[in-house]
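Opening my notebook on a new model. I'll go from the overall fold to the strands and then to the ring pairs.

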Amino acid sequence: MVISSARLMRRASNEGYAIPAFNIDNLESAMAVSEIMHEMRLPVIVQMIPRTLNYGGVAIYPAMMRELMADCPVDYALHLDHGNSLALAQRCIASGFSSVMYDGSAMSFEDNVKYTKEVTDFALPMDVSVEGELGTIGGKEEGDTDLEASYTSVSEAEEFVRRTNVSTLAIGVGTAHGIYKGEPKINVQRIKEIHEAVDTPLVLHGASGLSDEVLRDCIAAGISKINFATELRQAYTNGIKAEFAKDPEVFDPKIYMRGAVDNIKDVLRAKINICYGL
Ligand SMILES: [Zn+2]
């Protein structure tokens, strides 16, 4: 059943694990996530960024997941990752998303509060949870940022949660999207401080490339959702490459895509084991 991310994360927070959130791009990555839920019988969050929704269409992803999961009793969430407008959040909710993110982290604090609150005012009465973001998560377009300055402050987190009523909060603690260039320095202590100060379940972005040990430390410090995207895309593409290396003449996508799905599943299984402490 599709339920909100916040419900899954509250359960996880109380029981000391984290919910893995997997970004999907197309039918094959949706199949990989669905097959792993059938196999492991554990809830995950299935998420899409706006660029993915532009690629395949907003309604296609929930429809695929519903169809693939029709015979599976495991709870999961359908989440808009890095949403950038109320209008997109509304379109996603109309298509069956149970959870949306509004990412106002690039704005001033006051604008972030204002626009995030528009989304919570709309979504929360429909039992759709809202993830806000505070602080900076590094990424492709950013160069050498001053990492200390980008950590989410405890007092801002308290004020942001109080004023926006977000269900869950993504925090900046030194992670970055995409591929890490150097050794990432994660401020686990800051996770702990924010977790103690606010009751809202916390989200870690940019987890591809972090060691298993760091991920476990983050969960122990109070992270309830961990996002994985880059590693899944790499596994997908490497899976296809391996199929073509095995047989350069293969032309039926149903044959070489199977290798990609299986390759993604290996990564999903490993991340689920870490997040659930298995
Ligand atoms: Zn992110």
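What radius of gyration does the protein have, and how does that sit with a compact globule of 278 residues? I get 18 Å, and a compact globule with 278 residues would come out near 19 Å, so the two agree. Note to self: this is a predicted model.

**Entry 1: overall**

I took the box along the principal axes, and the C-alpha atoms fill roughly 60 × 40 × 35 Å. Then I looked up burial: 55% of the 278 residues are buried. For contacts with a separation of 6 or more, I find that 73% come from residues 24 or more positions apart. The exposed surface is about 12400 Å², with carbon and sulfur atoms supplying 51% of it. My tally of secondary structure reads 12 helices and 8 strands.

**Entry 2: around E3**

I started with strand E3, residues 77-83. Is E3 mostly covered or mostly open? Mostly covered: I count 7 of its 7 residues as buried.

Next I checked the neighbours. Strand E2 (residues 45-48) runs parallel to E3, and 4 bridges join them. One bridge I noted pairs Ile45 with Ala77 in E3. Strand E4 (residues 99-102) also pairs with E3 in the parallel sense, over 3 bridges. There, Leu80 has Val100 in E4 as its bridge partner. I followed the chain from E3 through helix H5 (residues 86-94) to E4, and this β-α-β crossover is right-handed.

**Entry 3: around E6**

Which way do the side chains of strand E6 (residues 168-171) point? Thr168 and Ala170 go one way, Leu169 and Ile171 go the other way, and all of them are buried.

I looked up the partners of E6 too. Strand E5 (residues 129-134) pairs with E6 in the parallel sense over 4 bridges, and Leu134 stands opposite Ile171. Strand E7 (residues 202-204) pairs with E6, again in the parallel sense, over 2 bridges. Ala170 has Val203 in E7 as its bridge partner. I also wrote down that E6, helix H9 (residues 188-197) and E7 make a right-handed β-α-β unit.

**Entry 4: ring pairs**

How many aromatic pairs does the structure hold? I find 4. I went through two of them.

Tyr17 and Tyr276 are stacked, with 4.7 Å centre to centre and 25° between the planes. Stacked needs planes under 30 degrees apart, so 25° makes the cut. Why does this pair tie together parts 259 residues apart in sequence? Because Tyr17 lies in the loop between helix H1 (5-15) and strand E1 (19-23), while Tyr276 is in the segment after helix H12 (253-275). I checked burial for both: Tyr17 is buried, with a relative accessible area of 14%, and Tyr276 counts as buried at 12%.

Phe244 and Tyr256 make a tilted pair: 4.7 Å centre to centre, 40° between the planes. I placed Phe244 in helix H11 (residues 230-246) and Tyr256 in helix H12, so this pair links parts 12 residues apart in sequence. Buried or partly exposed, for these two? Phe244 counts as partly exposed at 31% relative accessibility, whereas Tyr256 is buried, with a relative accessible area of 15%.

How values were computed. Residues numbered from 1 in each chain as written. Predicted model: local features only at pLDDT ≥ 70, side-chain atom pairs only at ≥ 80, totals over all residues. Heavy atoms only, no water. Phe/Tyr/Trp six-rings, centres within 6.5 Å; stacked < 30°, edge-to-face > 60°. Buried < 20%, exposed > 50% of the residue type's maximum accessible area, 1.4 Å probe, protein only. Pairing = 2+ DSSP bridges. Right-handed = clockwise from strand over helix to strand, strands pointing away. Rg over C-alpha atoms; globule rule 2.2 N^0.38 Å. Contact = heavy atoms within 4.5 Å. Areas by Shrake-Rupley, 256 points an atom, 1.4 Å probe, with all protein chains shown as cover.
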